[in-house]
Amino acid sequence: MLYAREIRTTFETFEGRCPHCQQWIIFNRLENLDDAVQIDFAEVTCLNEACRQPFAINGDTVDPPFAQMLFSAFPLMDRKQYGDATVAICRSYEMFFAHSLYEMLVWQPFVGERYEPDPVKTAERPEAARAKALFDGSRDIIWTLADELRVRYAAI
Ligand SMILES: [Zn+2]
């Protein structure tokens with residue numbers, strides 16, 4: 001099996017030069033690669049209609065998605081696409097905070113308690129209390145806005 005020797009990766013795509021037709025083939029991770037986050041090895045079929053030969057791809061980045069998103073801002077800055085770069089950076093921060101919550105609330109209890117977490121201790125952890133306060137605060141804001149809109153539009 002031939003490999004794509006030249007590759008480029010982004011948060012959403014894995015691009016590789018087909019070893020048969022030499023075309024750059026763009027695989028969307030969701031559409032073409034079964035939502036693969038990181039590809040150690042995959043057998044793919046060239047998307048060039050005139051080629052359609054199988055080849056292998058590997059060598060994907062190991063950066064978490066928030067870092068990939070942040071790195072995607074650099075070429076945008078080089079092309080002076082500052083608006084798109086700002087959006088990419090904001091998305092990166094959003095993904096970083098979601099990643100942090102996931103790590104703290106899902107994985108940290110397993111690691112800290114040697115993969116046998118006590119449900120009572122887990123609920124009493126400071127991270128759980130902070131997450132609950134954050135959730136409760138966000139929920140209160142949404143309910144307040146929804147109630148304001150309900151009152152405002154009920155009067156029309
Ligand atoms: Zn090809």
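A nonpolar core is taken here as a set of buried Ala, Val, Leu, Ile, Met, Phe, Trp, Tyr and Cys residues joined through C-beta atoms within 7 Å. The structure analysed is a predicted model. By this criterion, the largest nonpolar core contains eight residues, namely Ala4, Phe14, Cys18, Ile25, Phe27, Ile39, Phe55 and Ile57. Two strands, β3 (24–28) and β5 (54–58), each contribute at least two residues to this core. In soluble globular proteins, nonpolar side chains tend to be buried together.

Phenylalanine 14 is one of the core residues. When neighbours within four places in sequence are left aside, the contacts of phenylalanine 14 are Ile7, Thr9, Phe27, Arg29, Leu33, Ile39, Ile57 and Asp60. Among these contacts, Phe27, Ile39 and Ile57 also belong to the core.

Strand pairing was examined next. Strands of a sheet pair through backbone hydrogen bonds, either parallel or antiparallel. In the model, three strands form an open sheet in the order β1-β2-β3, and the pairing is antiparallel. The edges of this sheet are β1 (7–9) and β3, each of which pairs on one side only. On average, neighbouring strands of the sheet are turned by 15 degrees against each other, with direction ignored. Strand β2 (residues 13–17) is joined to β3 by five bridges, and the two run antiparallel. Within these strands, glycine 16 stands opposite isoleucine 25 of β3; isoleucine 25 is also listed in the largest nonpolar core.

Two alanines in helices were then considered. Alanine 73 lies in helix α2, which covers residues 73–78. Alanine 73 counts as buried because 20 C-beta neighbours lie inside 10 Å, and the cut-off for a buried residue is 20 or more. Apart from neighbours within four places in sequence, alanine 73 is in contact with Ala85, Ala88 and Ile89. The C-alpha atom of alanine 73 is separated by 19 Å from that of valine 37, with the two positions 36 residues apart along the chain counted as their sequence separation.

Alanine 131 is located in helix α5, residues 126–154. Alanine 131 has 14 C-beta neighbours inside 10 Å and therefore counts as partly exposed. Not counting residues up to four places away in sequence, alanine 131 touches Leu101 and Leu105. For leucine 105, the C-alpha to C-alpha distance to alanine 131 is 8.3 Å, and the two residues are 26 residues apart in sequence.

Key:
Residues are numbered from 1 along each chain as its sequence is written. This is a predicted model: local features need pLDDT of at least 70, side-chain atom pairs count only at pLDDT 80 or more; totals for chains, interfaces and linings use all residues. A residue is buried if 20 or more other C-beta atoms lie within 10 Å of its own, exposed if 12 or fewer, and partly exposed in between; C-beta atoms are placed from the backbone. Helices (H or I, at least four residues) and strands (E, at least two) are DSSP runs, numbered from the N terminus. Two residues are in contact if their C-beta atoms, placed from the backbone, lie within 7 Å. Two strands pair if DSSP finds at least two bridges between them. Axes are lines fitted to C-alpha atoms, for helices over the stretch in contact, and angles run from 0 to 180 degrees between N-to-C directions.
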